[in-house]
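The following exercises are intended to be worked with the sequence and the structure open side by side. Each task is followed by a solution that proceeds step by step.

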Amino acid sequence: MKFFYRNEVTKTKLPGRFIQRAIGKDALSPSQAMTVGFARYNADAGPMEPHKHAEESIYILDAQDGWAEFGPEKEKLPNKVMLTGGMLLHVPENEWHVFRYAEGGFVDILFVYAPAI
């Protein structure tokens with residue numbers, strides 16, 4: 001068993017977020033079966049672009065004036081949910097989604113997904 005704390009996981013700045021790869025490819029703890037990590041969305045990271053990928057579970061660790069938008073197309077995200085710590089999101093495979101926040105706000109998450117089959 002390998003164990004570690006979040007503050008031991010290297011932070012990488014990606015467009016719109018700071019990501020910490022905890023488990024998976026190029027992560028602190030390698031795995032071919034899953035990807036687990038942390039991400040923080042705030043003004044320091046810049047705006048995020050809508051994206052889609054494998055089915056994903058997202059646990060909201062904390063949020064302040066933050067929300068998720070989602071829908072069928074990158075330019076068509078008609079659904080919006082305000083985020084609070086303790087929420088769990090289940091994003092279907094290939095659903096477009098994005099995290100946004102008001103001025104001074106942020107979204108802090110733990111994400112989990114498996115490689116596409």
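**Exercise 1. A salt bridge between two loops**

Task: For E49, determine whether the residue is buried or exposed, and identify the residue with which E49 forms a salt bridge.

Solution.
Step 1. E49 has a relative accessible area of 53% and is therefore exposed, since the class begins over 50%. The model is a predicted one.
Step 2. The salt-bridge partner of E49 is K74, with 3.6 Å between the closest N and O atoms.
Step 3. E49 belongs to the loop between strand 3 and strand 4, whereas K74 belongs to the loop between strand 4 and strand 5 (79–82), so the pair ties together parts that are 25 residues apart in sequence.
Step 4. K74 has a relative accessible area of 33% and is thus partly exposed.

**Exercise 2. Salt bridges between strands**

Task: State how many salt bridges the count comes to, and describe where the partners R100 and E69 lie.

Solution.
Step 1. The count comes to 4 salt bridges.
Step 2. In one of them, R100 pairs with E69, and the closest N and O atoms are 3.1 Å apart.
Step 3. R100 is in strand 7 and E69 in strand 4, so this pair links distant parts of the chain, 31 residues apart.
Step 4. The relative accessible area of R100 is 28%, which makes R100 partly exposed. E69, at 16% relative accessibility, counts as buried.
Step 5. Shared partners also join salt bridges into one network, composed of R6, R40 and D108.
Step 6. Within this network, R40 and D108 form a salt bridge whose closest N and O atoms are 3.9 Å apart. R40 lies in strand 3 and D108 in strand 7, so the bridge ties together parts that are 68 residues apart in sequence.
Step 7. R40 counts as partly exposed at 29% relative accessibility; D108 counts as buried at 9%.

**Exercise 3. The largest pocket**

Task: Give the volume of the largest pocket, and say which elements give two or more residues to its lining.

Solution.
Step 1. The largest pocket has a volume of about 390 Å³.
Step 2. Its lining consists of 27 residues, of which I19, T35, E56, F111 and Y113 are the closest to the centre.
Step 3. Two or more lining residues come from each of strand 2 (17–23), strand 3 (35–42), strand 4 (56–71) and strand 7 (96–113).
Step 4. Sorted by class, the lining of this pocket comprises 16 nonpolar, 7 polar and 4 charged residues.

**Exercise 4. A nonpolar surface patch**

Task: Identify the residues that make the nonpolar surface patch, and explain why L61 and L88 meet the accessibility cut-off for a patch.

Solution.
Step 1. Y59, L61 and L88 make a nonpolar surface patch of about 290 Å².
Step 2. Membership requires over 30% relative accessible area.
Step 3. L61 is found in strand 4. L61 has a relative accessible area of 34% and is therefore partly exposed, which satisfies the cut-off.
Step 4. L88 lies in strand 6. L88 counts as exposed at 64% relative accessibility, and so satisfies the cut-off as well.
Step 5. As a further exercise in distances, L88 may be set against E103: these residues are 15 positions apart along the chain, and their C-alpha atoms are separated by 24 Å.

**Exercise 5. Sequence separation and distance in space**

Task: Determine where A54 lies, and how far apart A54 and P115 are in sequence and in space.

Solution.
Step 1. A54 is located in the loop between strand 3 and strand 4.
Step 2. With 14% relative accessibility, A54 counts as buried, because the class covers values under 20%.
Step 3. A54 and P115 are separated by 61 residues in sequence, and their C-alpha atoms by 6.9 Å in space.

**Exercise 6. Positive phi outside glycine**

Task: Describe the backbone angle phi of D65 and of N94, and state where each residue is placed.

Solution.
Step 1. D65, a residue other than glycine, has a positive phi near 50°. D65 is in strand 4.
Step 2. N94, also not a glycine, has a positive phi of about 65°. N94 is in the loop between strand 6 (88–91) and strand 7.
Step 3. D65 is partly exposed, with a relative accessible area of 44%. For N94 the relative accessible area is likewise 44%, and N94 is partly exposed.

Notes
Residues are numbered from 1 along each chain as its sequence is written. This is a predicted model: local features need pLDDT of at least 70, side-chain atom pairs count only at pLDDT 80 or more; totals for chains, interfaces and linings use all residues. Side-chain values use heavy atoms; hydrogens and water are left out. On a 1 Å grid over the protein atoms alone, a cavity is a set of points where a 1.4 Å probe fits but cannot get out, and a pocket is an open set with protein on both sides within 12 Å along at least five of seven lines; lining residues have an atom within 4 Å of a point. Grid points are joined across faces, edges and corners, and a volume is the space filled by probe spheres set on the points. Helices (H or I, at least four residues) and strands (E, at least two) are DSSP runs, numbered from the N terminus. Ala, Val, Leu, Ile, Met, Phe, Trp, Tyr, Cys and Pro count as nonpolar, Asp, Glu, Lys and Arg as charged, and the others, Gly among them, as polar. Patches are made of residues with over 30% relative accessible area and no salt bridge: like charges are joined within 9 Å, nonpolar side chains (Val, Leu, Ile, Met, Phe, Trp, Tyr) within 5 Å. Accessible areas come from the Shrake-Rupley method with a 1.4 Å probe; for residues, only the protein chains shown count as cover. A salt bridge is a side-chain nitrogen of Lys or Arg within 4 Å of a carboxyl oxygen of Asp or Glu. Buried means under 20% relative accessible area, exposed over 50%, partly exposed in between (1.4 Å probe, protein chains only).
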